[in-house]
Structure formats: structure tokens, C-alpha cells
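Subject: Model for you to look at

Hi,

Here is the model we talked about. Please open it first, then read my notes below.

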Number of protein chains: 2
Amino acid sequence: MTTRVPGSTPPRPNTGSARPRQADVAAAAGVSQATVSLVLGDNPERLALSEATRERVALAARSLGYVPNPVARRLAAASTDLLGVFTFSHAFPVEVRDSYYPFLVGVERAAARLGYDLLLFTGTSPSNVGDDGADSAAVQKVRLADGCLFLGRRVPEVELDRLLACRFPIVYIGRRTELGGRLSYVGADYVAGAAQVVDHLVGLGHRRLLYLRGTDDVVASTDREDGFRRAVAASGEGVQGEVLRAYATSVDARALRAWRERGISVVVTEENDTNDLLAALLTAAREDGARIPQDLSIALLGEDRSLPESEVTGFRIPRQQMGEEAAALLVDLVTGARSGPVQWLLEPTFLPGTTTGPPAVSGPAAVSERTPSTAAEGDLHG
Amino acid sequence: MTTRVPGSTPPRPNTGSARPRQADVAAAAGVSQATVSLVLGDNPERLALSEATRERVALAARSLGYVPNPVARRLAAASTDLLGVFTFSHAFPVEVRDSYYPFLVGVERAAARLGYDLLLFTGTSPSNVGDDGADSAAVQKVRLADGCLFLGRRVPEVELDRLLACRFPIVYIGRRTELGGRLSYVGADYVAGAAQVVDHLVGLGHRRLLYLRGTDDVVASTDREDGFRRAVAASGEGVQGEVLRAYATSVDARALRAWRERGISVVVTEENDTNDLLAALLTAAREDGARIPQDLSIALLGEDRSLPESEVTGFRIPRQQMGEEAAALLVDLVTGARSGPVQWLLEPTFLPGTTTGPPAVSGPAAVSERTPSTAAEGDLHG
DNA sequence: CTGAAAGCGCTTACAG
DNA sequence: CTGAAAGCGCTTACAG
């Protein structure tokens, strides 16, 4: 047994298990290493090489089993062919597994098509949370890639500003207004989506609409509210919209009854990860004995993804397409095909569903005439 | 406007937008580039640096926003803190979205905990399929990472052998027998899982068991069959097991009736992506008027993941745990904490379900006495 | 305790 | 059409 100094490797182990380099191919083919690079790489000057040399090099490469070292290639070429994906939390959550998946599907497809691999940054590790220095390093790590996609609600402005300052390509999935509009993004057009839903409701005859939004001030939530307001305003004078911020726990039969007594014939709520507002609303309707959609219409600014085949009227955010377009846009930014902040909004697809219908013919008085339980019995079996 | 030769970049643009290198930090701190490397890298010699120097360098690095270039680190024979994930197909399939997700959840968690990021290789692009050379390059790309996890049924032996030869750390998720047992893996113990199910059935009183397997010769399928055979053999002389290879389309009421008339009281089948065999079996049972589990018991070597709350007797493959352990093992291989092929099998969790019960008291004759339709009517409402 | 140097395996101007 | 050289941004012995 020989004593070996740890880490002391012979200059070039001739074990045969070592991976052949361009230099080895060059030696075998009797050309220079640079020529090998020219022949094997997909450079435009390839045409400037003699057919004979090319064949000789190709043969030598094949017989030696040469495979380019991607690391060296990337260091030299200053590109990694890697697209970063930063999620601020687990990219693969178990609780709300739907959250990122559709985006990732699109991102992967576009990346594969365009010849990029994906670098998934495994959320901020516990030790980094709250520590600004470490957190900053976490975000800066994205520079390993040629560019980076950001998902999730957090926007670390200082870090992103720094990245933007070095012209590091960034694309957000979801609209972001931070950093003075300098962030590129591919988002959903909630205004258009809300208009689809509101127009559908107004077309059915509804005149008093209630919009129930959560208490979270995220862009997706604010944009939905904004879309609702605009769509109602665009519907003309006869249509009244009301917006209420609510916790799911405060949405119960009593509240619902009060709304209905005030003449509200449809409640629109927002989609979120858990759709707790929708669930609370459906429960409240059941308890209040309101048939859907005969007595009450319910719509969602978004989609109920908790059930495979949900029938709630709403719209589908084109998540996969957003992922694809975001990745494609990022590649354009990386290659220089585009520049500057690019901001796209993709229009959702309207989902007619079965939870909306014409408003009940009876006025508010009719609602209060029946007790909830009686109504429920009658409605279900009548 | 100045004419610029394409690609001609100044030696070192002083725009401040460029990404800082160790050399820049060194200049700012008034030390050599190598000292910066020593201070910033996590090398053991770190202690041999004066506190003053370290602080100066750290300060300069922070103020410049220095982030080490992982590609350069990797080339310089260090590590990238990257774990590769190679899937041979889309990592995020849309059709059978359950397939990789649970593994990825575990992989991400372990990676995050251990301080690694994930490099997802975006499946073989269409142009690479079938082309050996390009395909080989696709697999070789994994060397960008410190090590790589492989998922999926394909095992490109030549490529993996090459990686193994350069001692590149590889861990398969799922048992693999290729390459003469030199592949490390973390798999599911199907033999143990099958024993759980068979023991349960025999304990209920079943003596004639039929195992219906698909026609695909993948390890997971073969291992299940093997597990079934062994468990039956271990049950003693009174228990008979039969194995049948079948397409889902060939499993119908007639076939089922024939089996039952031969005294088979329970049909066990295998889990696969679509669980088509299980579906065919349930349909056949319904058409044959066999109540489950009163007239016929049905069990799965695996789990029915098509429904959120499936009640089929079977076992759950600990997919998330497999992902976690595979990633942790890979890290051990990368750091040298372990070496050589390491092969782990994780025991599944038994799922009692509601599709198995004691065998029907009546013998085969009883089965043929009734016509299917009559039986169905009587069974459902009697 | 710190610096100068070599080298990882490529790509890319630049000469010949 | 091909070669010699520099350089990508690091790490790691090896000197001082």
C-alpha cells in the first residue's frame, strides 16, 4: 500500500478511464486542439475547414469516444444554456401542488424546444430566511444561468435591481409592477378575464353583482378586483358592482342572506390556492337553502382546480402557455433577439360552467319569505 | 452611432454592469485573486488567513455583489453544488402528472436541506431521439452537475458506463439491474409490498389467488410479479397463486367469470401509470355482477392514484421518501461520505382498503347458478 | 500568513 | 485552410 498525498493526482492519468479531451483527439488526428474545437463545435467557420481534416477529426473523436465537456464549453463560450427557475418557496409544494406545475410544464417544453436546460433553485433554505446577506446570495445564485424565470409573489427589489443592473435577463411569470416597470413578465390578463365573466353575467340579466375578494394584497388579487370594477363600469348605468374584502370564515349563511336581501343576485369571488372563499360561499348557499344557479349565481374570477371537473363559471388562466411564452421570452432576452422590459398579458379562456344562470324572478322579498331549511328541502326534491 | 465589429468586446468593460469576478474583489480589497478564492471558498485553509484580510475581502465582495461563477468552479475541479435530474422524457408530463412529482418533491426537499440546487435536463429533444451521437451528448451534459439522479425506465448503458468510468456519481430512483449491479439506486421493495398484500389475503382466508400483470417488462412490473410468487410460495402448501399476463382489453366479464368458476376468489393486479388493468377489472366485476369484496376481492400491488381517496387494497410506494433518500445518497456519493454502488429498497406502506374481504362462502358452483344481470340486481339492492 | 503560477477543457479572435 | 495563443473564472499546490 502506498501512501498518497490527498489530492495529488498525476498530471494526466493514462488509465484509459480518463475522459478524452480535444487535445487527445487532436493528437490522434494529427491536428491542433483548436482545429478539433472548430470541427466538433457548431461554429459558423466550420465551412472553412477541409473535408479531409473534418473527416479525420470526426473519426478520431468517434474512436476515442470523445464527448465535449459541457463545463469547459460553457466557461469558454460564456453561456451556460441554462435557464434559471426561482420560486421563493418549494418548486414542488405538496399542499397546493397545482400552484407551479402548469407553469413548469410550459417552461420545460419551451426550454427543451430551444435547447436549454433548467436550473431549479431550491427555495430559500431555513438558515437563509430572514438573513439579508444569505438571502441575497440565494438570489444572486441565479446568475449561474443565462437568465432566470421568477415565480411567486415575493419580489426582492434590491436583488432584482442588482441583477437588472448587470443586464442579467429576468422574466417574471405573473404581472409585476415593482421596480418602476422595469421587470419583464408574462402575466394573465385579469381585466379581460373579469370582463368575460361580468359580460356573461350582465348578459344573463344580473344587475347587482357582489365581488368577494380575499384580504391578500397580491397583484393577482388586485388585478382581479380592478378587472371586476372596470367591467362593471363598462356595463353601463344599470349595473351595480360592489366589492367586499372578506376572510373565508366570515362568509356564512347569514352574510349571504343579507346580500341576497339587498338584491344581489350573483356573487363573484376570486380564485386562490385553496379556493376557500368559493368553498365558504358554496357552503353558505347550501345552508341558506339557495339553489345554484336558480336562486343565486356564483362565479369565479379564475378556475376551481380543486376538482378535476369543476363546473363553476369563470375563466382559465393559460398557465402552461404563460410558462412557455415566459421561457421563450427569456431566451430572446438572453440571445439579444429582444431587449428591455417586455411585458405580455395573455387572455384567459372563458369557462361557462353551470353555476350561473338568469337571476331569480322574485325580488328580495321572496328570499325572506322562506326559511332556509324549508327552501333546501323543497329545492332539492321538488 | 459607432460601427461595432460583432463580437468584439472590450477587454474588460468598466461599465459596472459587468459581473464582478474574484479579480475585481481582489483589486477592491487590495489582495491577490487567489486570496479572494481562499477567503470566499469553503476551503480548510481558511483558518490560515488573518481576520483582517478576511473581513476586507468579505466587505469588498459584498459591496460589489460578487457571486462565484459555478461553471468556473466546476471546471477548476471543484463542485457546483448542483444535483442533476435526468428524466429521459418530460420531467413535467401533462398526461400522467403524478408520475414524477412525488419523487421531485422529495428530491427538492433533500437538496434544499443539503444546500444543493437542481439541474433539470429537459428531456431528449425530438432531434436527438434515435440519434446516438446527440443522445449521448444529452446524457453527458449531466456532468455539469456534481452528480445526477436518473428517473424513468430507460437505462442508456453505454453512456452510464462512461459516466461511471469517470467516477461521476449517479443514483437511480427505482431499482436497476443493468451494468452488472454497478448502478446505485433507491427503489421500492416490491417483494415486501407483495408479501403485505398476499399475507393480508391469505389471512382473510383466500387460497386461490390470481395475479394479473401487464405486458410491459419493466423492473417495477417484474419485481411485483416476483414478489407475488415469493409471497405465495411463502404462504405454504394450501395457497395457490397463478400469474397471467394480460392487456387491459382482454380483461372482461367473461374472463373474470371463468376465473371465478375455477375457484379464484381474489384478483391481484399491478399498479401502472394509468391503472388500466384495475379499471378493466372493476368494469368486468360490475358487468359480471360480482360485488366487491363479498363475491370477489380485488387488490393492487401498488396504489390507485387516479382518485384522491381510493379504497383499493394495496400498498403505497414511498415516493417522496425515495426522492429524498436518493438525493441524500447522491450527496454522500458526491462528497465521498459513501462510495461504490449503494442499493437501497424502501418498504411500501400497506393500504387495507375496502376491496378485499373473506372469500365468498359458496363454492364455484354458486357463481354459475346466477346469471350476471340477476346477480347484479340482487346484489345491489338486496 | 499571502502571492505568483499553473491548470481545468474548452472557444475565439488573430496570425500565418 | 490550419495553428499558436489568449482567455473564460475559478481552485490548488507551491513558494516565499
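In what order do the twelve strands of the open sheet run? The order is E11(A)-E5(A)-E4(A)-E3(A)-E1(A)-E2(A)-E2(B)-E1(B)-E3(B)-E4(B)-E5(B)-E11(B). Pairing in this sheet is mixed. Bear in mind throughout that the model is predicted.

The sheet

Start at the edges. Strand E11 (343-346) of chain A stands at one, and strand E11 (343-346) of chain B stands at the other. Each has a single partner strand, so one side of each is left without a neighbour in the sheet. On average, neighbouring strands are turned by 20 degrees against each other, direction ignored.

Now look at the partner of E11(A). Strand E5 of chain A, residues 184-188, is joined to E11(A) by four bridges. The two run parallel. Within this pair, A:Val186 stands opposite A:Trp344.

The two chains

How does chain A superpose on chain B? A rotation of 179 degrees does it, with 0.2 Å of shift along the axis. The RMSD is 1.2 Å. That is the relation of a two-fold axis. In chain A, the C-alpha nearest the axis belongs to A:Leu119, at 2.7 Å.

The interface fits this picture. Of the interface residues of chain A, 96% are also interface residues in chain B, so the copies meet through the same surface.

DNA strand D

Strand D is surrounded by 25 residues. The closest are A:Thr35, A:Ser50, A:Thr53, B:Gln33 and B:Ser37. By type, the residues of this surface divide into 14 nonpolar, nine polar and two charged.

Which helices supply at least two residues each here? In chain A they are H2 (33-40) and H4 (70-77). In chain B they are H2 (33-40) and H4 (70-75). H2(B) gives the largest share, four residues.

Of the strand D atoms within 4 Å of the protein, 68% belong to sugar or phosphate. The rest belong to bases. Some individual contacts to check:

- A:Ala76: a backbone N or O atom lies 3.2 Å from a base oxygen of DNA strand D.
- B:Ala72: a polar backbone atom is 3.4 Å from a base nitrogen of DNA strand D.
- B:Arg73: a polar side-chain atom lies 3.5 Å from a phosphate oxygen of DNA strand D.

DNA strand C

Here 24 residues surround the strand. A:Gln33, A:Ser37, B:Thr35, B:Ser50 and B:Thr53 are the closest. Sugar and phosphate account for 66% of the strand C atoms that come within 4 Å of the protein. The surface residues divide into 13 nonpolar, nine polar and two charged.

H2 and H4 of chain A each supply at least two residues of this surface, as does H2 of chain B. The largest share, four residues, comes from H2(A).

Contacts to check on this strand:

- A:Tyr66: a polar side-chain atom lies 2.9 Å from a phosphate oxygen of DNA strand C.
- A:Ala72: a backbone N or O atom lies 3.4 Å from a base nitrogen of DNA strand C.
- B:Leu75: a polar backbone atom is 3.2 Å from a base oxygen of DNA strand C.

Over to you.

Best wishes

Technical notes. Residues numbered from 1 in each chain as written. Chains lettered and ligands numbered in written order. Predicted model: local features only at pLDDT ≥ 70, side-chain atom pairs only at ≥ 80, totals over all residues. Heavy atoms only, no water. Least-squares fit on C-alpha atoms with pLDDT ≥ 70 in both. Contact = heavy atoms within 4.5 Å. Near = heavy atom within 4 Å. Polar contact = N/O pair within 3.5 Å; in protein donor to acceptor, adjacent residues only side chain to side chain. Nonpolar A, V, L, I, M, F, W, Y, C, P; charged D, E, K, R; others polar. Pairing = 2+ DSSP bridges. Axes fitted to C-alpha atoms, helices over the stretch in contact; angles between N-to-C directions.
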